[in-house]
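Could you walk me through this model in the viewer, one selection at a time? I would like to know what to pick next and what I will find there.

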Amino acid sequence: MAAQAETLQFQSEARQLLQLVIHSIYSNKDTFLRELVSNASDALDKLRLEAFRDKDLKVDTSDLHIAIEVGEDERALTIRDNGIGMTRDEVVGLIGTIAKSGTAEFLRRLKESQDAAGSQELIGRFGIGFYSSFMVADKVTLVTRRAGTDEGVRWESTGESTYTIEPVADAPQGTSVTLHLKPADEEEHLHDYTSRAKLTEVIKRYSDFITWPVRMAGEDGGEPETINSRKALWARPASEVTEDEYTEFYRHLSHDWSPPLETIRMQAEGTFEYQALLFLPSRAPLDLFMRERKRGVQLYVKRVFVMDDCEELMPEYLRFVKGVVDAQDLSLNVSREILQQDRHIQLMRRRLVKRVLSTVKTMMTEKPDDYATFWREFGRAVKEGLLDDFENRDAILEIASFDSTHDAEKPATLAQYVERMKDGQEHIYYSTGESRAVIENSPHLEAFRAKGFEVLILTDPVDEMWVDAVPSFGGKQFQSIAKGQVDLDTEEEKKAAQERRKDFADLLGWMTKTLEEQVKEVRLSSRLTTSPACIVGETNDLSPTLEKMYRAMGQQLPPIKRILELNPAHPLVTKLHSAYGERSEHADLAETVELLYGMALLAEGGELPDPARFTRLLTDHLARTI
């Protein structure tokens, strides 16, 4: 008996995405063909590679190609390949569900998008692949058979909540996708995709560079003709390649519908020859900071695809770079383990990284708007390189820019900061925190603002880590405004401060003892002008945020006591000083000191160890003042 077709539900995220695509107002519906031809090309790449690696795989690779077939009467369009094919489980996993990183985030942001342009942009950034078929088709039928297996699979859906799937005994190796097309409607940008002229135009525009022949029947049903030129862009002279061709090749690689921000071509000759064509995207992918993210460089050997997401060619912090590297002297049977040990690959990686960083540096001066876009989208990832790419640390610092107190709108490079430094200033001052608002309202900033010292405002999580790993830039040491002693005073101010320390010595000693469970020391501050107190760390202490990050990751850390600094000119502190000197009993003052410490903790965004006690003490003190 023939096996029955099963009706299955789409995964909820897949169902939502399908509905968005079906009802999409995305104007460029031609891109569905690019997506399907790209998928077919990938399937052919994978079959050739698997046949090379598995000599027992009985497949014919002599005429790998993509066929475009049109049924004008029934308005059907079929894209067929004789590539690797899929099993039933792969069909369900790849089409019935969306395992793609960032799906939930994509859907959330799409729902929040209030305008059509924003929705289109997000759909383009996500890359919807196979589902793009439903922009132009009422029903899609897929028939596939995995190379090396005997049984095929038929999948069919109208793009609603369900799909059917059933075994097929006589399916050819590879995959065919048949689109039962919607009626042509030029106002809705739905062209006649049974027209040979239209299909030829779309394939030449989007898929001309595909390695494999894309064939379609000639005029009046004649012999199949190859439509695409099949010329690898990276192998063609730069003078012969147009910007449009680069853009479409980038879209083919990345499934990003936006054009690239920058195109990078490289060619190395001599003992180890290779060609590279790399792209800097104009927008960050939604999975840039997700665990399942992939890197974007493909490895070819003599124009033969070998590996996707080649980690050995690009470091983690440049994972957003897309492109291909075509090596002439590697084996087709190369593995990731071999690549990790290969001296030539390591040398190639070094050159690729240096070229990417130098391209960004050139962009800073020649295309400042493009640089601003690049850093806004990818700066947070690039700064990860400061932690582990010691060879290129200086180059990364040179292309980095940061928010600063100098200009609320325009970020500053480190070179610009150093150029603006005051005479005699020895440090690059910075502050880390959750947001610009938190840092700008921090007591730590008061004296720097009052005396006109520029401070870098660092709000990315990675900033907490690299500032401790990178000692200096241009001979100037980095210094946190919330750590160590701050030297902003003139000689006269230093002498006056020394006298005050003597005057406050007894109070400071008593407060240190009173708060010994909470702080390492209580001392006078030179960084406060309007707040009564602040909490600072020793120069080499972990910041509170970094301490929280480590503890959240399960790392055991010893308790870190910090320092309470007092503003000797603040009325609260001067009255506390007077009261301490006048009274022999200091029990009630101890509660004031505890409140002062709690206020300093809250002012920097910290958490009170005992909020209920703090509230009770504050209430009691307020009641006594009325």
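Start by selecting strands E2 and E8, which pair in the parallel sense over three bridges. This is a predicted model, so please read every stop on the tour as part of a prediction. To find one of the contacts in this pair, pick Ile66: its bridge partner in E8 is Val214.

Now add E9 to the selection. E8 and E9 run antiparallel and are joined by four bridges. Click on Ala217, and you will see that its bridge partner in E9 is Pro224. Next, follow the chain through the hairpin of E8 and E9, where three residues lie between the strands. Stop at Asp220 in that hairpin, which takes a positive phi near 55°.

Time to show the whole sheet. It is an open sheet of nine strands with mixed pairing, and its order is E1-E6-E5-E4-E7-E3-E2-E8-E9. Which strands stand at the edges? They are E1 (6-9) and E9 (222-226); each has a single partner strand, so one side of each is left without a neighbour in the sheet. Look along the sheet as well: from one strand to the next, the twist averages 20°.

Colour helix H6 (residues 196-207) next. This helix packs on the sheet and touches strands E2 (66-71), E3 (76-81), E8 (214-218) and E9. Compare directions while you are there: that of H6 makes about 160° with that of E8.

For another antiparallel pair, select E4 (residues 137-145) and E5 (residues 152-157), which five bridges join. Within this pair, Thr144 stands opposite Val153 in E5. If you turn on side chains here, keep a general pattern in mind: in a regular strand they alternate between the two faces of the sheet.

Leave the sheet now and look for enclosed space. The count comes to one cavity of 30 Å³ or more, and about 110 Å³ of space lies in the largest cavity. Which residues should you select to centre the view on it? Of the 13 residues that line the largest cavity, Ser41, Thr211, Phe249, His252 and Tyr300 are the closest to its centre. Helix H2 (31-53), helix H7 (243-254) and strand E12 (296-301) are the elements that give two or more residues to this lining.

Finish with the cysteines. How many disulfides does a search of the whole structure find? It finds zero. Select Cys310, which is buried with a relative accessible area of 1%, and then Cys534, also buried, with a relative accessible area of 1%.

How values were computed. Residues numbered from 1 in each chain as written. Predicted model: local features only at pLDDT ≥ 70, side-chain atom pairs only at ≥ 80, totals over all residues. Heavy atoms only, no water. Disulfide = S-S within 2.5 Å. Buried < 20%, exposed > 50% of the residue type's maximum accessible area, 1.4 Å probe, protein only. Pairing = 2+ DSSP bridges. Axes fitted to C-alpha atoms, helices over the stretch in contact; angles between N-to-C directions. Contact = heavy atoms within 4.5 Å. 1 Å grid on protein atoms, 1.4 Å probe; cavity = no way out; pocket = protein on both sides within 12 Å on 5 of 7 lines; lining within 4 Å. Points joined across faces, edges and corners; volume = space filled by probe spheres on them.
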